[in-house]
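Hello,

I am passing a structure on to you, with some notes on what turned up in it. Please look through it before you read on.

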Amino acid sequence: MESPFKGHLHTNYVPSIFEVHHIQQLLRTIYNEELSSIDAEIHQLQQQLNILFSKRDMLAKDIDAHKALTSPIRRLPPEVLQEIFMACLPDDRNPCMAASEAPMLLTRICNSWYKVAVSTPGLWARIHIVLPTASSNGIDLSEKIQQRQVVVNEWLARSRSCPLSISVYQAFSFSRTYRSSTTEKLHILFFQNTLIAHAQRWYDINLYMTPRFFSVVQRIPASDLPMLKKFHISSLSILYGGLPAGLWKNALILQSPCLEALTLSLKFQPLQMPEMALLKRWPRLISLSLRIRAGETSTGSPSIISMISQSCPLLENLRLYIDIPSSFRLSPSFDEVIKVSLPNLKALAIATSGGHAGHYSPLFGVIDAPSLQHFELYYYPQLFVSTPETIYTALSALLTNFGTNLLSWKLYPIGLDTEYMTSLLKLTPCLRELTFSSGQFDLVQWHRQGITFTSYEFFDDTFMQLLTPSLDEDPENIVCPQLEIFKCTMGIATKISEEAVANFIRARRHLSLRGLGNSMRHIEITVLPGHAFNDNICIGPPPYSEEGVSGGLVYLREPARGSFSPHAGCPFSLAEISREMGRTNTVQD
């Protein structure tokens, strides 16, 4: 039926009172009846659709289930599946006791995978153990440790006769409860009852602990450790008191002659010069990391390197943390010091703290490492008595000996200016990777405590321009022509603009096209929370995205972990860092 008011619809027509009654009668009768009829038909069709959708979902599930039966992974022999499982383990640390990662995750997929996983000893031959430090969720600390002991015992039992790689993290805390003797005793009992029982299979042991804890470990005789090849012990805590004199000399666990990798880095007990004779016990050492207290004069300092060279002829990786006493004095005969050769050394890391920057020359200038390719340097001098000139003199003495062969250099450039930093980089013509990093000094933690340093003012657009070669620049004057990777992870890059970075990358690309150097492959700049950004830094994709360079600007927040996290003591994973990124520009090749 056609409405008599059709010509007035969608207009400004004002109906009369009679017409209003007529319209209302039409709506109550004819239109409402027709609308109800259509709704009923729609409802009927919708029910039919729902039935069809339900049948389709059931059929799709049956199809997927049948497809799953034909999945190639079902036909893989257990031996192949075991190799795949082994490849799931982290390669930069020991697996954690967490259900979210292998090997625990592999036991939670299906019954057949569970059987394969628990019957693969290699999956359970590595473990990272975090010692509980407080009660949690109403569970008493002693009960919590007992639960962990049960899990660790079952874990290691699955490893059967495999050599064991174990890392133990005794978390640092200011808590009085944590520092109590009761907590310490519970930790020691856990270690004795759980881990020492497997000492015959220890291969790689990494311990982060307090002094009293180590007093138990050091009593394990070398005869009980026939497989021990790598032993690492470290701690940054100085709140728990020291250990008896002669600690290292009398430690039975350190008397094994088969060690190939060794770390003795205790803040509370640095190695003293007379104890350096211990190194003669380990002629097979390939990797060595030591915290050493330098002698009172420079005549004792070069002998640190000399004793290492004489005692460890096969050494390829050396990491030194050198504490320089305030009473340190240069010897009048320093100029007569003979260089010490480390012919097989490929990687060297040096961290120093205390002292005048001029004191570093006798520590650095004696090293002769012709095969060195990777170098890390973290120094923290007394800045109020150190100048850029003295710091440059010390560092140039080091790079003069082996800078020409360096492929990667990571340093904490505190106290230097633009001119001196550029001069140092000119001593490394083959450098391919350059990283400015805080290293052992936690700038994130310093930032939280309101501690700031202004000694890296050189790091701005002017410095980037010095690294940016011009088209007409003399090839002899180009700084680090082979550079491919550049990182700044100190949070000091807030004065660098994206435009300067883009110009740097494009100039390097042109350098490569001219056959005078390499193109950049990766550039990464990390900024600490709370730092002001340069006004020229863009928020969108970096302007060098078309240059095929990965990386970008990263605003970093330290990932949070609970006190009972099984990952405590491990490096932060990419997933953890990604979750905490407040501002990130990322471009992939």
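Is Cys 96 buried or exposed? Cys 96 has a relative accessibility of 0%, so it counts as buried. Cys 312, with a relative accessible area of 2%, is buried as well. A disulfide is a covalent bond that joins the sulfur atoms of two cysteines. The search for disulfides covered the whole structure and found zero.

Please keep in mind that this is a predicted model.

Overall picture

The protein has 589 residues, and 46% of them count as buried. Its secondary structure comes to 15 helices and 17 strands. Among the contacts with a separation of 6 or more, 81% are between residues 24 or more positions apart.

Helix α1

Helix α1 runs over residues 17-69, which makes 53 residues. From its first C-alpha to its last, α1 reaches 75 Å, close to the 78 Å expected at 1.5 Å a residue. A kink of about 40° is present in α1, and its centre is Tyr 31.

Strands β3 and β4

Strand β3 covers residues 202-208 and pairs with β4 in the parallel sense, over five bridges. One pair of bridge partners is Asp 204 and Lys 230, the latter in β4. How many of the six residues of strand β4 are buried? Five of them are, so β4 (residues 230-235) is largely enclosed by the rest of the structure.

Two buried threonines

Thr 352 sits in strand β9, residues 347-353. Its relative accessibility is 1%, so Thr 352 counts as buried. Asp 323 is 29 residues from Thr 352 in sequence, yet the C-alpha atoms of the two are 5.9 Å apart in space.

Thr 428 is in a loop, the one between α11 (418-425) and β13 (433-436). A relative accessibility of 0% is under the 20% limit for a buried residue, and Thr 428 therefore counts as buried. Which residues is Thr 428 in contact with, leaving aside its neighbours within four places in sequence? They are Leu 399, Gly 403, Leu 406, Trp 409 and Cys 480. The side chain of Thr 428 also reaches the backbone oxygen of Leu 425, at 2.8 Å.

Backbone points to check

Most residues other than glycine have a negative phi, and most peptide bonds are trans. Three places in this model are worth a look on that account.

- The peptide bond from Ala 102 to Pro 103 is cis, and its omega is near 5°. Pro 103 lies in the loop between α2 (78-87) and α3 (111-118).
- His 10 is a residue other than glycine with a positive phi, near 65°. His 10 belongs to the segment before α1, and its relative accessible area of 87% makes it exposed.
- Arg 160, also a residue other than glycine, has a positive phi near 55°. Arg 160 is in the loop between α4 (141-158) and β2 (164-169). At 52% relative accessibility, which is over the 50% limit, Arg 160 counts as exposed.

Regards

How values were computed: Residues are numbered from 1 along each chain as its sequence is written. This is a predicted model: local features need pLDDT of at least 70, side-chain atom pairs count only at pLDDT 80 or more; totals for chains, interfaces and linings use all residues. Side-chain values use heavy atoms; hydrogens and water are left out. Buried means under 20% relative accessible area, exposed over 50%, partly exposed in between (1.4 Å probe, protein chains only). Helices (H or I, at least four residues) and strands (E, at least two) are DSSP runs, numbered from the N terminus. Two strands pair if DSSP finds at least two bridges between them. A polar contact is a pair of N or O atoms within 3.5 Å; within protein, one must be able to donate a hydrogen and the other to accept it, and residues adjacent in sequence count only if both atoms are side-chain atoms. Contact means heavy atoms within 4.5 Å. The expected span of a helix is 1.5 Å times one less than its number of residues. The bend at a residue is the angle between axes fitted to the seven residues ending there and the seven starting there. A disulfide is a pair of cysteine sulfur atoms within 2.5 Å.
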